[in-house]
Amino acid sequence: MVRFTVLASGSKGNATVVSGGRTRILVDAGLSCRELFRRMRLAGEDPETLNAIVITHEHSDHVGGLAVTARKLGIPVYFTEGTHRAWMRWLSPRRQMTYAQWIEAAAAARRQAAERQAEGDAAVVGEPDEPDEIADLPCEVPVAEPVAGLPAAWPSAPDHVPSRKEDPTWLPSVEYFRPGEPFEIGDIAVSSFTIPHDAADPVGFVFRAEGVRMASATDLGYIPPNVKAQLKGLDLLLLESNHDLEMLRDGPYPWSVKQRVLSRVGHLSNEAAADFLENGYDGQAAYVILAHLSESNNLPELARVTAERALNGRACLLANHLLLAEQNEPLSPIYL
Ligand SMILES: [Zn+2]
Ligand SMILES: [Zn+2]
């Protein structure tokens with residue numbers, strides 16, 4: 001049975017569980033680990049059964065609980081390389097070296113440590129053994145502030161190998177994917193597609209399991225042809241309906257933020273989502289979930305009415321069951 005469970009959606013945190021066959025994937029980890037687990041249990045999902053985490057982009061509402069959750073469960077995280085780098089920079093803002101320099105320095109330090117150990121130099125110790133430390137980690141969102149004791153630039157000594165304790169970016173396992181190149185996680189086939197958004201290398205996803213196709217497309221300034229092409233032949237579509245244009249224009253945000261949201265790399269308005277649903281979409285999905293609604297510049301009823309009006313003309317009455325994803329509580333799992 002295929003299942004799609006939205007745990008949270010909006011600028012304060014995003015996370016969804018996609019289940020198919022024997023595989024369960026967490027899409028984004030934008031809540032604290034504790035809250036993620038709480039909501040999963042509330043929705044009848046067992047956190048311990050997650051197999052992997054896939055990440056759309058590095059904004060904190062999508063990765064806020066990532067490190068702690070991945071460590072706690074000991075599962076791999078799938079990123080594009082650009083997103084992984086940006087996430088590492090976000091967690092280590094004071095690190096005075098580029099990613100390439102850091103990779104090089106860490107590899108050199110490891111080589112040196114291994115060489116010295118091979119020579120029997122007992123004074124040099126590699127990465128300490130800390131098998132139980134991860135299990136005891138508190139379920140809290142890692143902060144972007146430097147961790148106490150973390151040097152501003154490291155490795156600080158040639159033979160220093162970063163340990164899990166010191167490195168806020170440490171993950172049990174990292175897998176890279178390229179946007180547009182399909183890959184598989186267990187029983188779920190994953191396709192990613194580039195979206196226009198002000199992040200390093202942001203993507204949306206199409207998941208396929210047991211012949212069911214589900215797409216997630218949020219955090220996009222508009223819907224370009226490559227995204228339109230992906231959002232066809234779906235059984236479920238999770239689509240951003242971020243703001244009402246008038247509410248945003250008259251709303252509380254400073255002008256610069258309004259410009260950002262409205263830009264081609266910002267967020268999709270109710271009107272733009274409706275235009276797609278009316279003119280760009282094939283009307284096939286059994287479920288359409290409106291997502292990433294702004295709490296300041298939108299009202300659930302406005303988003304719903306605008307989308308309903310757009311879907312009204314669709315011929316297939318059994319399809320397009322409309323739902324709204326929530327910021328503060330999980331949706332009931334959708335079985336497909
Ligand atoms: Zn977001
Ligand atoms: Zn974003």
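User: What makes a run of residues a helix or a strand here, and how many of each does the chain have?

Analyst: Helices are DSSP runs of H or I with at least four residues, strands are E runs of at least two, and both are numbered from the N terminus. By that rule the chain has 10 helices and 14 strands. The model is predicted: local features need pLDDT of at least 70, side-chain atom pairs count only at pLDDT 80 or more, and totals for chains, interfaces and linings use all residues. Residues are numbered from 1 along each chain as its sequence is written, while chains are lettered from A and ligands numbered from 1 in the order in which they are written.

User: Why is strand 9 called largely enclosed?

Analyst: A residue is buried if 20 or more other C-beta atoms lie within 10 Å of its own, exposed if 12 or fewer, and partly exposed in between; C-beta atoms are placed from the backbone. Seven of the seven residues of strand 9 (residues 203-209) are buried, so the rest of the structure largely encloses it. Val203, Phe205, Phe207 and Ala209 point one way; Gly204, Val206 and Arg208 point the other. For the whole chain of 336 residues, 41% count as buried.

User: What makes strand 8 and strand 10 partners of strand 9?

Analyst: Pairing takes at least two DSSP bridges between two strands. Six bridges join strand 8 (residues 188-194) to strand 9, antiparallel. Valine 190 stands opposite phenylalanine 207 there. Five bridges join strand 9 to strand 10 (residues 212-217), also antiparallel. Alanine 209 has valine 212 as its bridge partner in strand 10. Strands 9 and 10 form a hairpin with two residues between them, and glutamate 210 in the turn has a positive phi of about 50°.

User: Which strands stand at the edges of the sheet that holds strand 9, and why?

Analyst: That open sheet of seven strands has the order 7-8-9-10-11-12-13, with mixed pairing. Strand 7 (183-185) and strand 13 (321-324) each have a single partner strand, so one side of each lacks a neighbour in the sheet. The twist averages 20° from one strand to the next; angles run from 0 to 180 degrees between N-to-C directions, with axes as lines fitted to C-alpha atoms, for helices over the stretch in contact. Four bridges join strand 12 (residues 287-291) to strand 13, parallel. Helix 10 (residues 300-311) lies across these two strands, at about 160° to strand 13.

User: How do you know that the buried residues of helix 4 line one face?

Analyst: Thr83, His84, Ala86, Trp87 and Leu91 are buried in helix 4 (residues 81-91). Down the helix axis, its buried residues fall within an arc of 165°, so they line one face. The arc is that of the directions from the helix axis to the C-beta atoms. Those residues pack against helix 2 (60-63), strand 5 and strand 6.

User: What makes a residue part of a nonpolar core, and which members touch the most others?

Analyst: A nonpolar core is a set of buried Ala, Val, Leu, Ile, Met, Phe, Trp, Tyr and Cys residues joined through C-beta atoms within 7 Å. The largest has 75 residues, and Ile53, Val54, Ala215, Leu237, Leu238, Ala273 and Leu290 touch the most other members. Contact means that two C-beta atoms, placed from the backbone, lie within 7 Å. Isoleucine 53 touches Leu26, Ala29, Leu66, Thr69, Ala70, Ile75, Val77 and Tyr78, not counting residues up to four places away in sequence.
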